[in-house]
Amino acid sequence: MSEKDDVLRRLTTSLEAAARLRASARETANAASARTALRAWQASRLARTHADFLVSAEYADAAKFFLSDLYGPQEMGGRDAILQRVEPIMSKTLPVSGLDAIADAIELDALSESLDADMVAAMGEDVSHIDAASYGRAYRVTGRQGDRARQIDLIEHVGVSLEKLAQQRFIGAALAAMRKPARLAGFGDLQAFLERGYDGFRKMKRVAPFLDTVVSRERALSRALFAGDDSGLQGAAPVAPVAGGAAHG
């Protein structure tokens, strides 16, 4: 099996899983509202944890991409439908690094949907007024430490794929040239997703300090939550400092 075939297989599997989970989350108005509330709170938490990157001239675009495109409260069902329809076209027009970034993002989305569903169930009525204490309790009740680790690994993998994409010569011009054909083919949103990721990573002089620090903070926070320490959920202070070089956790 070629590298591209493997990426496409992973993409298809994750698409199907994400679509099933989203359909379940939309079964009732209360379930949909709870999912949206949880995702909005988590997006706010990410913004607090990584506030320094969001105001950095070098890293702001990449940070916004991670918070909005990879883990925002918005409904992603439309992206699933587009992908299922145009996957054969994408496989012929996008580079492997671009397909890999999309496959990682969809797998991350599917896993996050599953974890969020368990969090909503664990929180019960607390989901209407989430705070650090209620979130931390639900995080521990839900458990699934292996899946939490995988979730963070996928964030790192998306970043690595986008870094590879940004390093390819002439890829910016190629992505720009793809805008109209992508819209006509039905995957303009996905092409824009890649462009935003490419633009964010291209602006960084050094990707490692950003990517390693984000991953290090998220891993440290996850360890703390499982150990019963919810303090990292509350303030804007980073879980790990931004250093001149890569941070490791």
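Trainee: Where is Gly124 found?
Mentor: Keep in mind that this is a predicted model. Follow the chain past α6, but stop before α7. Gly124 is found in the loop between α6 and α7.

Trainee: Is Gly124 buried, partly exposed or exposed?
Mentor: Its relative accessible area is 36%. Buried needs under 20% and exposed needs over 50%, with partly exposed in between. So Gly124 comes out as partly exposed.

Trainee: How far apart are the C-alpha atoms of Gly124 and Ser134?
Mentor: Along the chain, Gly124 and Ser134 are 10 residues apart. In space, their C-alpha atoms are separated by 10.0 Å.

Trainee: Val127 is in the loop between α6 and α7 too. Is Val127 buried or exposed?
Mentor: The cut-off for buried is under 20% relative accessible area. Val127 has 11%, so Val127 is buried.

Trainee: Which residues does Val127 touch, not counting those up to four places away in sequence?
Mentor: Start with Arg35, which is 92 residues from Val127 in sequence but 8.6 Å away, C-alpha to C-alpha. For the touching residues, look at that part of the chain: they are Ala34, Ala37 and Leu38.

Trainee: Ala34 turns up in a core as well. How many residues does the largest nonpolar core have, and which have the most contacts inside it?
Mentor: As background, nonpolar side chains in soluble globular proteins tend to be buried together. Here the largest nonpolar core has 34 residues. Those with the most contacts inside it are Phe66, Leu70, Leu162, Phe193, Phe201, Met204 and Phe210.

Trainee: Which element gives the most to this core?
Mentor: The elements giving two or more residues are α1, α4, α6, α8, α11 and α12. The top contributor gives nine residues, and that is α6.

Trainee: What is Phe201 in contact with, leaving aside neighbours within four places in sequence?
Mentor: Phe201 is one of the residues with the most contacts inside the largest core. Its partners are Ala62, Phe66, Gly159, Leu162, Glu163, Ala166, Val207 and Phe210.

Trainee: And how many residues does the other core have?
Mentor: That core lies apart from the largest one. Ala34, Met123, Ile130 and Ala132 are among its members, and the count is 14 residues.

Trainee: Are α7 and α12 roughly parallel or roughly perpendicular?
Mentor: Helix α7 covers residues 132-142 and helix α12 covers 207-226, with axes 9 Å apart. They pack at an angle of about 85°. An angle of 65 to 115 degrees counts as roughly perpendicular. That makes the pair roughly perpendicular.

Trainee: How do the residues of that contact divide into nonpolar, polar and charged?
Mentor: From α7 you have Gly136, Tyr139 and Arg140, and from α12 there are Ser222, Leu225 and Phe226. Gly counts as polar here. The split is three nonpolar, two polar and one charged.

Trainee: Glu218 has its place in α12. Is Glu218 buried or exposed, and which residues is it in contact with?
Mentor: Its relative accessible area is 9%, so Glu218 is buried. Leaving aside neighbours within four places in sequence, the contacts are Arg45, Leu46, Thr49, His50 and Ile152.

Trainee: Stepping back, how many helices and strands does the protein chain have?
Mentor: Reading from the N terminus, each element in the run is an α. The secondary structure comes to 12 helices and zero strands.

Trainee: What percentage of the 249 residues is buried?
Mentor: The accessible surface of the chain comes to about 11,300 Å², with 54% belonging to carbon and sulfur atoms. The buried residues make up 48%.

Key: Residues numbered from 1 in each chain as written. Predicted model: local features only at pLDDT ≥ 70, side-chain atom pairs only at ≥ 80, totals over all residues. Heavy atoms only, no water. Axes fitted to C-alpha atoms, helices over the stretch in contact; angles between N-to-C directions. Helix = DSSP H or I, 4+ residues; strand = E, 2+ residues; numbered from the N terminus. Parallel < 35°, antiparallel > 145°, perpendicular 65-115°, else oblique. Contact = heavy atoms within 4.5 Å. Core = buried A, V, L, I, M, F, W, Y, C linked by side-chain atoms within 4.5 Å. Buried < 20%, exposed > 50% of the residue type's maximum accessible area, 1.4 Å probe, protein only. Areas by Shrake-Rupley, 256 points an atom, 1.4 Å probe, with all protein chains shown as cover.
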